[in-house]
Amino acid sequence: MAAALIRILLSVAAVTVLAAANGAVLSPEDPEVLKAANFAISTYNQFNNNNPYAYKLLSVESATAQIYPPARVKYSLWVSVGQTVCKNRPDISLTQCALQNTHTMTCRFVVLAVPNSALPSYLLMDRCQ
């Protein structure tokens, strides 16, 4: 009984700490932010096949995170992306694609992910201009 009560109290304390972190500003160089940003642009390319060329992450301008217990994080990202010389195909590897000098965009992506995990991520929103 005492062990169960301690687990409940620890769970409540963890949720309280996580709630305080909602909307936290993250470093653009944070590995989990970069992972979310690269996932977002890869997914954007997959679902925007009307673009003849794939886009690639140039930089993360800003990133915030909201915690969703037990272990999910919603990343809100503002990123700069550039058009590559590679055709937009499902099997594309963006690391091998050089950038064109003609077309860059600013995008806002919202990604739901489980940090430090191989579990799938989800692109909840993409707005590029």
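Are Tyr-44 and Tyr-55 buried or exposed? Both are buried, and the views below show where they sit. This is a predicted model, in which local features need pLDDT of at least 70 and side-chain atom pairs count only at pLDDT 80 or more, while totals for chains, interfaces and linings use all residues. Residues are numbered from 1 along each chain as its sequence is written, and side-chain values use heavy atoms, with hydrogens and water left out.

**View 1. The protein has two helices and five strands.** Following the chain from the N terminus, you meet these elements in the order α-β-α-β-β-β-β. Helices (H or I, at least four residues) and strands (E, at least two) are DSSP runs, numbered from the N terminus. Of the 129 residues, 31% count as buried; buried means under 20% relative accessible area, exposed over 50%, and partly exposed in between (1.4 Å probe, protein chains only).

**View 2. Helix α2 covers residues 31-47.** At 1.5 Å a residue, its 17 residues should span 24 Å, and the end C-alpha atoms are indeed 24 Å apart. The expected span is 1.5 Å times one less than the number of residues. At the start of the helix, a side-chain oxygen of Asp-30 comes to within 2.7 Å of the backbone nitrogen of Glu-32. This is a polar contact: a pair of N or O atoms within 3.5 Å, where within protein one must be able to donate a hydrogen and the other to accept it, and residues adjacent in sequence count only if both atoms are side-chain atoms. The buried residues of α2 include Val-33, Ala-37, Ala-40, Ile-41 and Tyr-44. Their cover includes β1 (24-26), β2 (53-68), β3 (72-87), β4 (99-113) and β5 (122-128), with contact meaning heavy atoms within 4.5 Å.

**View 3. Tyr-44, Tyr-55 and Phe-109 form one aromatic cluster.** Two aromatic pairs turn up in a search of the whole structure. Rings of Phe, Tyr and Trp (its six-membered ring) pair if their centres lie within 6.5 Å; planes under 30 degrees apart count as stacked, over 60 as edge-to-face and the rest as tilted. Tyr-44 and Tyr-55 make an edge-to-face pair, 6.4 Å centre to centre with 75° between the planes. Because Tyr-44 lies in helix α2 and Tyr-55 in strand β2, this pair ties together parts eleven residues apart in sequence. The rings of Tyr-44 and Phe-109 have centres 6.1 Å apart and planes at 55°, so that pair is tilted. Tyr-44 in helix α2 and Phe-109 in strand β4 are 65 residues apart, so this pair links distant parts of the chain. Phe-109 is buried, with a relative accessible area of 0%.

**View 4. Cys-86 and Cys-97 form a disulfide.** Their sulfur atoms are 2.2 Å apart; a disulfide is a pair of cysteine sulfur atoms within 2.5 Å. With -115° about the S-S bond, the link is left-handed. Cys-86 lies in strand β3 and Cys-97 in the loop between β3 and β4. Cys-86 counts as buried at 19% relative accessibility, and Cys-97 is buried at 3%.

**View 5. Cys-107 and Cys-128 form a disulfide too.** Here the sulfur atoms are 2.1 Å apart, and the torsion of about 115° makes the disulfide right-handed. The pair joins Cys-107 in strand β4 to Cys-128 in strand β5, 21 residues apart. Cys-107 is buried, with a relative accessible area of 0%, whereas Cys-128 counts as partly exposed at 24%.
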